[in-house]
Amino acid sequence: MPGIIDSIALIVSSLATTTFAANALYLGTYAAISAGLALGAGFIQGAFAEKPKVPKPDDGSYNLKQSVPSLAYVLGTTKKGSDYVFLEEKAGTAYHIMVWAGHRIQGFVQHYLHDDKATLDGDGWVTAPAYIAADGYQIVKILTRLGLNAETAYSDVVTAFSTIWNNNCRGDGLATVRMSCRTVDQKEFLDRYPNQMPEHSAVGNGALLYDPRKDSTQGGSGSHRYTNPSTWEFSKNIALMRLWHLCHPVGGKMSYENMYLADWANAADVCDENVTNRSGATEKRYHGGFWFRAGNDPIEVGRIMDEAAELVVYERADGKIGVHAGEFVAPDVRLTANSIYSIRVDKNKRRANTVLGVRGRYVNTAKDYITEDAAIYGDPYAVVDDSTERTRTFENAAIQSHNHCQRKQKLTYVRANARKVSVVADYTADGVRDIPYRRFVTVHYPSRGLVEATVEITSSVTIDLRNMRISFSGILVDSTLYAFNAATEEGEPGEAVEPLPDEGVPEPENFAATIETEVVSGGATAAFINATWDFEDSMLTYELEYDRTSGSTGVQSVFSEAGATQVRSGYLVDGEEYEIRLRAWGGGTKSDWTDYVLLTATADPVAPGPVTAVSVDVSTPGEAEFGWTAPNSANYFACRIYINTVNNLGTATLAATEYGPPSATDLRVVTSLAAGTYYGWLVAINPSGTPTNPADNDVATGSFVVT
């Protein structure tokens with residue numbers, strides 16, 4: 001509806017120029033369309049063609065696989081996925097080459113694998129998240145190219161696929177990402193790749209932009225030249241983005257020579273002004289970032305930037321393209337009752353049109369560039385004449401600050417509820433001919449309640465040269481239109497839902513392991529490990545791992561039944577020490593191991609009887625001959641001989657072990673003894689090494705002297 005801004009940037013253009021119809025497509029003239037102007041057959045045909053919508057920020061959270069994707073363009077800093085150009089596998093490694101942007105970029109800021117931030121080492125190997133790089137794994141590697149005019153091919157891809165990908169496959173002018181993913185052991189797969197093949201996305205600083213303020217040939221100071229993109233720099237300034245878009249083949253297809261650069265420099269200054277947000281920090285007035293595709297409607301792309309930075313692009317009398325910055329400018333055109341043929345004032349107080357609150361959405365860069373709700377501006381539940389809630393929604397893909405979004409919400413609120421004015425004036429009056437090139441004008445018409453009133457023009461300016469009249473529509477504003485007190489007006493943003501970190505399979509609780517025995521064939525006993533733990537979930541199974549500390553047999557493991565709280569091992573080697581641990585499995589993934597438990601296998605815990613008739617013969621120098629009678633115990637296996645220079649078995653040294661049958665008379669000579677007094681003990685053991693009670697007096701030899 002003419003005369004209403006509806007939270008979008010408008011373009012004020014002059015119909016007196018012959019180039020308007022040709023430029024209207026590139027300038028995004030919403031106002032021209034709403035006024036029903038004759039724009040020419042070519043423009044009307046394009047207006048009815050269905051064109052792709054500019055992608056929302058969340059649309060860039062995945063990588064696109066299609067035959068010939070439309071190139072992506074990134075302005076400012078944003079997070080997005082990529083378009084696949086290569087995906088092949090060789091020797092267990094998958095190679096992905098993806099185009100992140102169809103142009104030179106400033107650089108990549110942060111890589112993501114699915115929703116997890118990735119940390120890279122100097123060679124590009126992913127060292128975080130932990131599930132990929134745990135235990136020293138190097139399985140995912142990320143390399144990038146910035147999109148230089150002459151890029152370098154990825155050498156490892158060329159080596160692996162030389163028949164289909166060679167050094168000429170450089171991707172000149174394309175910002176690309178090369179990600180390789182190695183396969184892993186089947187048991188490790190879901191731990192290393194819990195979401196299957198990693199889905200890459202990245203935060204990056206996009207296109208380099210021309211800044212007329214840094215061009216010494218255009219009244220600025222610096223080395224920027226619009227004819228040499230290599231002199232340009234990265235910027236989040238939305239006015240500079242709009243200037244770039246108007247002069248780029250995917251946008252307005254104009255030339256910088258057709259731009260009135262003084263206007264654009266001023267708009268860039270306004271965008272760079274410092275504002276204070278609700279937390280007291282300083283940020284730039286109109287900075288942001290977004291991305292779009294080459295196939296998107298350039299009018300829609302331009303509208304996003306115009307709306308975000310409060311820009312009004314217009315055609316000057318000299319045919320150049322200027323811009324009104326997002327600031328209030330005191331009007332220098334004044335219309336009085338003498339120069340106005342007719343005027344209509346709409347107080348805009350109808351209940352059906354009253355906007356009580358504005359709901360906004362913006363891209364939160366602090367939360368991985370998710371789109372979330374801003375605080376509501378106004379009171380949507382306030383009572384006017386009834387209890388009806390009447391709100392308007394504001395959303396812009398380029399806005400990346402809550403303060404910025406709130407400022408735009410306030411402007412939406414003010415403009416929606418402002419009084420509306422339609423004016424038909426005398427084209428020959430003083431200053432009237434400048435109206436097509438102004439954003440604000442003064443109207444003094446006291447009889448209609450307009451005393452030095454400021455009008456923001458919101459429609460196209462129509463010139464009727466037959467009757468020498470000029471007409472336009474607008475809204476009544478004041479000089480405080482852009483004033484904003486963040487401390488009282490910004491409000492507190494809502495909390496966005498953050499996904500809980502995946503804690504994985506829980507580690508077993510209260511793990512305990514014991515050595516137990518059972519009788520096997522032939523009446524012999526065998527030892528095994530019995531492990532227990534607390535119940536957690538009926539879907540979990542548990543893996544018990546055990547290994548001899550000597551390492552002579554290798555690691556063995558056994559799995560429990562689902563939902564069980566205990567599991568037993570196979571039979572153990574009698575007398576060997578084992579290290580034992582437990583972990584849980586669920587959904588193909590596993591928990592961390594518990595700490596090791598050390599146990600010694602004992603198949604027969606019953607000690608044999610003590611040896612008897614203990615004697616020692618030291619008649620031979622340097623030797624001691626020990627004699628004894630084995631006990632009449634079926635499980636007797638051997639006799640251990642301990643020697644010490646003091647009468648203390650606890651510190652004695654095992655000198656020899658003599659094997660023999662039960663009830664037999666046996667002896668053993670211990671040689672290489674130095675001369676001196678010694679004490680000896682003879683201890684019977686069973687096949688499991690279980691000794692008889694060493695405190696029995698009859699196992700001690702008493703003192704003896706070796707010569």
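The largest nonpolar core in this predicted model has 57 residues. Those with the most contacts inside this core are L75, L243, W244, Y256, M259, F290 and F292. Helix α7, residues 238-246, gives the most to the core, with seven residues. There is also a second, separate core, of 24 residues. Among its members are Y427, I435, Y445 and I457.

F290 repays a closer look. Leaving out residues up to four places away in sequence, F290 touches Y73, V74, L75 and T78. F290 also touches V301, I304 and M305, and then A397 and A398.

**Two helices side by side**

Helix α7 packs against helix α9, residues 298-309. Their axes are 9 Å apart, and the angle between the helices is about 160 degrees. How should that angle be read? Angles over 145 degrees count as roughly antiparallel, and α7 and α9 are therefore roughly antiparallel to each other. The crossing of α7 past α9 is left-handed. On the α7 side, the contact is made by I238, M241, R242 and H245. On the α9 side, it is made by P298, V301, G302, M305, D306, A308 and A309.

**A hairpin**

Strands β16 (residues 312-315) and β17 (residues 321-324) pair in the antiparallel sense. Four bridges join them. V313 has V323 in β17 as its bridge partner. Along β16, V312 and Y314 point one way, while V313 and E315 point the other way. All four of these residues are buried. Five residues lie between the two strands of the hairpin. There, G319 takes a positive phi near 90 degrees.

**An open sheet**

Another part of the model holds an open sheet of three strands. The order is β29-β30-β33, and the pairing is antiparallel. Which strands stand at the edges? They are β29 (512-519) and β33 (566-568). Each has a single partner strand, so one side of each is left without a neighbour in the sheet. Neighbouring strands here are turned by 30 degrees against each other on average, direction ignored. β29 is joined to β30, residues 525-532, by eight bridges. One of the facing pairs is V519 with T525 in β30.

**Two buried polar residues**

E543 sits in strand β31, residues 541-548. Is E543 buried or exposed? Its relative accessibility is 2%, and E543 therefore counts as buried, since buried means under 20%. Setting aside neighbours within four places in sequence, E543 is in contact with K187, S557, V558 and F559. Its other contacts are R581, L582, R583, W585 and W593. E543 and V558 are 15 residues apart along the chain, and their C-alpha atoms are separated by 5.7 Å.

S633 lies in the loop between β38 (624-629) and β39 (638-644). With a relative accessible area of 16%, S633 is buried too. What does S633 contact, leaving aside neighbours within four places in sequence? The partners are P608, G609 and P662.

**Backbone exceptions**

Most residues other than glycine have a negative phi, and most peptide bonds are trans. Some places in this model depart from that pattern. Two residues that are not glycine have a positive phi, as the table shows.

| Residue | Place | Phi | Relative accessibility |
|---|---|---|---|
| Q196 | loop between α6 (186-192) and β10 (200-205) | near 65 degrees | 45%, partly exposed |
| E452 | strand β26 (residues 450-457) | about 50 degrees | 39%, partly exposed |

Q196 is found in a loop, whereas E452 is found in a strand.

Where is a cis peptide bond found? The bond from A128 to P129 is cis, with omega near 15 degrees. P129 has its place in the loop between β7 (126-128) and α4 (130-133).

Definitions and conventions
Residues numbered from 1 in each chain as written. Predicted model: local features only at pLDDT ≥ 70, side-chain atom pairs only at ≥ 80, totals over all residues. Heavy atoms only, no water. Core = buried A, V, L, I, M, F, W, Y, C linked by side-chain atoms within 4.5 Å. Buried < 20%, exposed > 50% of the residue type's maximum accessible area, 1.4 Å probe, protein only. Contact = heavy atoms within 4.5 Å. Pairing = 2+ DSSP bridges. Axes fitted to C-alpha atoms, helices over the stretch in contact; angles between N-to-C directions. Parallel < 35°, antiparallel > 145°, perpendicular 65-115°, else oblique. Left-handed = near helix turned anticlockwise from the far one by under 90°.
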